[in-house]
Amino acid sequence: MSKRAIIRAAPFILGAALVGFFGYHSLGHVDTSSPVQTFRNHSGSLGPADGEVPDGATVFDDIPAVTNLQPDLLAALRRAATNASREGIIVGINSAWRSPAYQEHLLQQAIATYGSADEAARWVATPDRSAHVSGAAVDVGRSDATRWLSKHEAAYGLCQIYRNEPWHYELRPEAVDHGCPPMYADAAHDPRLRH
């Protein structure tokens, strides 16, 4: 292989290595993960008090990411998780409530990863617009749980909001009677997140 071919291939090789690294390190608690969920804080400046979720966490854990969720959302999640457990499904979480500092950290990582704020906006909202910061969103952490929720979501008023994020759920109480609203393609198409 020529030097020129190696230089051209380097970004792709590096990208594949990073995907492999982040994918490997996130497999401990998730079958499917979002690009956002693989961003982990290793600087030590943020932690559980900011909403970082330990591996294996569920909607029943007494951690800030769970206890800082809006009460109606948390109650609906726990009802759904209780019923899912009767079928052997554990509703684990990768993310839920986040502090503004943690959300900003994830946003900056997404900008660095995707190369622009516009592309990062498909995955991560600004702290002032994030449903996670307001305690109104949860990212379910196991593929069997997301499959179960996708079948039963409306019965609990829990709805998937973004087509590109099958793990992201928010409370829509009207869904119990009317079904979940149509999904946005991604967060960049959500009018609530536009400035």
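A residue counts as buried under 20% relative accessible area, as exposed over 50%, and as partly exposed in between. Glu119 has a relative accessible area of 29%, so this residue is partly exposed. The structure described here is a predicted model.

Glu119 takes part in a salt bridge. The partner is Arg122, and the N to O distance between the two side chains is 3.0 Å. Arg122 is also partly exposed, because its relative accessibility is 26%. Across the whole structure, eight salt bridges are found.

Further salt bridges involve Glu170. Glu170 itself is buried, because its relative accessible area is 1%. The side chain of Glu170 meets that of Arg192 in a salt bridge, at 2.8 Å from N to O. This pair links distant parts of the chain. Glu170 belongs to strand E4, residues 168-171. Arg192 lies in the segment after helix H7 (175-178). The two residues are 22 residues apart. Arg192 has a relative accessible area of 36%, so this arginine is partly exposed. Glu170 also forms a salt bridge with Arg172, with the closest N and O atoms 3.0 Å apart. Arg172 falls under the 20% limit at 17%, and therefore counts as buried. Through shared partners, salt bridges join Glu170, Arg172, Asp190 and Arg192 into one network. Thus Glu170 is a buried member of this network, whereas Arg192 is a partly exposed one.

Strand E4, which holds Glu170, is part of an open sheet of four strands. The strand order is E1-E2-E4-E3, and the pairing is antiparallel. Strands E1 (93-95) and E3 (158-160) stand at the edges. Each edge strand has a single partner strand, so one side of each lacks a neighbour in the sheet. From one strand to the next, the twist averages 40°.

The pairing of E1 with strand E2 (residues 137-140) is antiparallel and runs over two bridges. Two bridges are enough here, because strands pair if DSSP finds at least two bridges between them. Ser95 has Asp139 as its bridge partner in E2.

A helix also lies against these strands. Helix H6, residues 143-156, lies across E2, E3 and E4. The helix runs at about 125° to E3, one of the edge strands. Among the strands that H6 lies across is E4, the strand of Glu170.

Methods: Residues numbered from 1 in each chain as written. Predicted model: local features only at pLDDT ≥ 70, side-chain atom pairs only at ≥ 80, totals over all residues. Heavy atoms only, no water. Salt bridge = Lys/Arg side-chain N within 4 Å of Asp/Glu carboxyl O. Buried < 20%, exposed > 50% of the residue type's maximum accessible area, 1.4 Å probe, protein only. Axes fitted to C-alpha atoms, helices over the stretch in contact; angles between N-to-C directions. Contact = heavy atoms within 4.5 Å.
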